Amino acid sequence: MENDLTPAPEGEEAGDLQDEPDTQDETNTQDETNTQDETNAQDDLPGQDSLPTESLQDESLRQDSLPIVVTESPQEDVEMQSMFPTSDSPAQEFASIAEIDRADSPVEDPEVILKNLQETFQNIIDDKLANIPLRLIDTHSGILYTSNDLEGIFKESEEYQRLYENLLTTSVSKLQRRVNEFFRYAMLSHKWASAKDEPQYWQIKGSVYEMDAPLEIRKLQQFCTTSKREGYRWAWSDTCCIDKTNNAELQESIISMFAWYKDSAITIVYLADVSDISQLKDSQWFKRGWTLQELLAPQFIRFYKQDWQPLIDSDKNHKVELLSILHDITHIDVDVLKTFVPGVDNVKKRLSWVSSRTTKKIEDIAYCLMGIFGIHMPVMYGEKHNAFVRLQKEIMALTDDLSLFDWLGESSTLHSYFAAHPRCFMTPSYDARQDSTSSKFEFRLLKTSKRITSGLSSSALKIVKDVLSNPPHGRFIANGRMSMPFFVHEVVTLIPNQDKPGVLSYLVKAEGLSELEVIVTQRLVPLYGKNPSHKYRVVRMWDASLIQRPGSTSIEAADASILDNPESPEPPTAEDSPKQEKEKEKAKEKGKDKEKDKGKDKEKDKEKDKEKDKDKESWVGRSKDLVADFVADMVTNSTAAAFIRRLQEPFVAQLLCSPGDKQPWRRVGTTIRVIAHASSGSVNFRAPENVIVH
């Protein structure tokens with residue numbers, strides 16, 4: 001768009017300046033500049049706009065020239081204050097420093113100062129245009145404009161002309177505020193009707209207010225009218241503000257959509273199937289995939305019923321007013337609804353939010369979650385279910401959260417360790433410690449750290465310490481196969497469960513585990529006898545929390561104290577059994593024998609000390625001592641015992657299947673969570689190993 005108010009070229013501006021201003025003129029100019037700066041500073045102070053006459057006139061001109069309806073909503077006033085930098089913000093601080101430098105540097109060339117300010121002003125405009133939707137509707141005229149058009153419209157306004165002509169006396173923060181005010185926009189959130197009934201980009205030829213087709217054009221018109229009434233010049237709807245025939249524009253819009261909703265001044269939610277607040281919980285708006293981010297991202301929301309009247313009688317933020325109701329409907333935590341932050345923490349919980357929602361296109365169930373996780377990936381319609389697999393791969397690359405693999409149902413056909421659909425994450429997360437009081441787990445409470453470590457051979461204990469000192473690395477995918485660290489329990493038998501006919505239930509016995517039941521999504525080949533055609537494994541995923549868990553139980557604390565003092569007795573019990581009394585008598589006799597041997601041991605110790613002193617004199621001896629001390633400090637027997645104990649706790653297990661030797665392992669889909677318990681008896685330790693899973 002042509003700009004009649006384009007500033008003159010720099011050469012012309014330079015020609016208009018006086019070449020040699022005399023000293024008096026320079027002084028007068030400086031005084032006028034200082035006076036103008038003080039007037040502008042007063043104009044920027046809140047509550048002082050009505051004092052200076054010139055400022056009042058300027059403000060009046062701005063109100064007349066800028067076609068923005070000013071809202072009287074207190075909530076929006078608070079919102080506007082939060083949108084702009086405060087006196088403590090970096091932008092305000094920069095503005096103050098710039099003004100001080102401007103006043104304290106009279107010798108600097110005015111041309112240079114003006115040129116820098118012009119560049120700053122343009123950068124502010126460019127930055128704003130880069131972060132708003134690619135197309136917006138003018139709610140006053142109903143015309144659809146591109147972001148390039150918006151720049152031209154702003155530069156043709158009297159507001160821009162006034163700011164441009166007074167750059168030397170206008171702070172940077174004020175420029176930012178004025179630009180933000182001009183480009184404030186409203187977003188529409190709704191459930192699409194039939195695609196043929198929604199107004200598309202190619203159908204918008206003039207003003208939307210003058211259109212009488214397609215069927216849903218009235219919804220768009222009412223949205224624009226409501227936005228205008230609420231005080232917003234610009235509006236965006238996903239029906240007509242995206243050229244879906246342009247792949248580049250479509251991809252940018254989908255990736256940026258979460259940010260657009262987040263940065264909007266208001267999001268207007270239209271509920272076509274709600275005439276009363278009692279019907280809110282049954283609205284289809286809560287069952288669509290895309291509307292999840294349209295609920296979480298915006299800071300300010302207004303809900304409107306099917307007659308375009310507000311859902312509740314309040315001009316405040318409906319998202320805050322209806323917080324408890326929204327929580328009951330969506331099962332999303334209140335704190336998350338209030339201030340949602342994208343990220344890859346609590347993966348399963350985030351995926352569960354969309355588990356009961358649907359999208360018209362298969363790929364959209366993944367694309368609508370990119371903003372929720374803060375992930376950007378290419379949009380490729382036609383890839384079908386591969387889109388959700390790609391999303392899970394992106395999440396896995398950014399987090400160690402194992403809840404990504406805690407799903408039920410069918411696995412993806414592309415990779416067996418990824419879920420086929422978000423509905424696989426509907427079940428709540430499982431905490432293995434909840435089962436720590438089960439009868440199968442009581443044996444753990446009878447073991448102290450001293451007994452656990454003494455039950456292991458020295459070689460096994462060394463393996464434990466090696467694992468703790470150098471734990472397994474993360475997971476990675478290459479050539480369609482994933483390398484994953486597991487604790488592996490080889491399956492000995494897998495037979496159908498005769499007690500549950502008609503259900504794909506199998507009884508599984510694996511090394512080191514009690515018998516467990518698995519209910520699967522596909523029929524399995526039984527495993528018993530020699531030379532089976534298929535192999536199975538029950539695996540536990542490596543979890544870094546096994547090494548260090550925040551807090552400890554009283555039993556763990558007692559175990560640690562016992563281990564630190566090997567001579568201390570076992571924890572006392574309420575009543576001593578006959579077997580315990582015999583053990584005490586034997587201990588007394590052993591104590592007498594130990595006293596007799598003490599004299600002999602002391603002489604031997606003295607000889608050993610002399611040999612150690614000789615070794616320490618060499619650098620080899622000193623190095624051995626340093627390494628031994630370092631390992632002892634890093635991994636103590638107490639740490640090893642605590643680690644082994646945690647491995648004895650119930651855990652979420654997965655079943656792997658391989659059709660034969662040298663064949664890749666695949667995860668078997670299950671319909672119920674598999675909880676494995678360590679078998680009672682001696683303590684077994686299996687070092688984790690990397691398994692290739694297809």
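Let's start with two helices that cross: H6 passes H9 in a right-handed crossing. H6 covers residues 110-129 and H9 covers residues 172-182; their axes come within 10 Å and cross at roughly 35°. If you want to find the contact on screen, look on the H6 side for Thr120, Phe121, Ile124, Ile125 and Lys128. Across from them, H9 brings Val172, Leu175, Gln176, Val179 and Asn180. Sorted by character, the residues of this contact come out as six nonpolar, three polar and one charged.

Please keep in mind that this is a predicted model. The mean pLDDT of the protein is 78, and 67% of the residues reach 70 or more. Two stretches deserve caution. Residues 1-98 have a pLDDT below 50, and beyond near neighbours in sequence that stretch has 98 contacts in the model. Residues 431-451 are also below 50, with 43 contacts beyond near neighbours in sequence.

Back to H6, which has another partner. H6 and H8 pack with their axes 10 Å apart, at an angle of about 145°. How does H6 pass H8, left-handed or right-handed? The crossing of H6 over H8 is right-handed. Here H6 contributes Gln118, Phe121 and Ile125, while H8 contributes Tyr160, Leu163 and Tyr164. This contact has five nonpolar residues, one polar and no charged. Notice Phe121 and Ile125: they are in the list for H8, and they are in the list for H9 as well.

Now to a helix in the middle of this neighbourhood, H7. H7 runs from 147 to 155, and seven of its nine residues are buried. Which residues of H7 are buried? They are Ser147, Leu150, Glu151, Gly152, Ile153, Phe154 and Lys155. So you will find charged side chains in that list, Glu151 and Lys155, counted as charged by residue type. The cover over these buried residues includes the helices H6, H8 and H9, together with the strands S1, S2 and S4.

Let me zoom in on one residue of H7, serine 147. Why does serine 147 count as buried? Its relative accessible area is 16%, and the cut-off for buried is under 20%. Leaving aside neighbours within four places in sequence, serine 147 is in contact with Leu129, Pro133 and Leu134.

Next, the sheet. Six strands form an open sheet in the order S2-S1-S4-S3-S5-S6, and the pairing is mixed. At the edges sit S2, residues 144-146, and S6, residues 301-304, each pairing on one side only. From one strand to the next, the twist averages 30°. Inside the sheet, S3 (residues 185-189) and S4 (residues 234-236) pair in the parallel sense over three bridges. If you would like one pair to click on, take methionine 187, whose bridge partner in S4 is tryptophan 236.

Now a few single residues in loops. The peptide bond from alanine 213 to proline 214 is cis, with omega near 0°. Proline 214 lies in the loop between S3 and H10.

Then there are two residues with an unexpected sign of phi to look at. Tryptophan 308 has phi near 65°, a positive value in a residue other than glycine. Tryptophan 308 is in the loop between S6 and H13, and it is buried, with a relative accessible area of 3%. Lysine 384 also has a positive phi, near 55°. Lysine 384 sits in the loop between H18 and H19, and it is partly exposed at 44% relative accessible area.

One more tryptophan: where is tryptophan 353? It is in the loop between H16 and H17. At 9% relative accessibility, tryptophan 353 counts as buried. Not counting residues up to four places away in sequence, it touches Leu292, Leu296, His331, Ile332, Val336, Phe340 and Ile372. Its C-alpha atom is 9.9 Å from that of leucine 369, which is 16 residues away along the chain.

To finish, the whole protein. It has 26 helices and 15 strands. Of its 694 residues, 44% count as buried. Among contacts with a separation of 6 or more, 69% are between residues 24 or more positions apart.

How values were computed
Residues are numbered from 1 along each chain as its sequence is written. This is a predicted model: local features need pLDDT of at least 70, side-chain atom pairs count only at pLDDT 80 or more; totals for chains, interfaces and linings use all residues. Side-chain values use heavy atoms; hydrogens and water are left out. Axes are lines fitted to C-alpha atoms, for helices over the stretch in contact, and angles run from 0 to 180 degrees between N-to-C directions. Helices (H or I, at least four residues) and strands (E, at least two) are DSSP runs, numbered from the N terminus. A crossing is left-handed if the near helix is turned anticlockwise from the far one by less than a right angle, and right-handed if clockwise. Contact means heavy atoms within 4.5 Å. Two strands pair if DSSP finds at least two bridges between them. Buried means under 20% relative accessible area, exposed over 50%, partly exposed in between (1.4 Å probe, protein chains only). pLDDT is the predictor's confidence in each residue, from 0 to 100.
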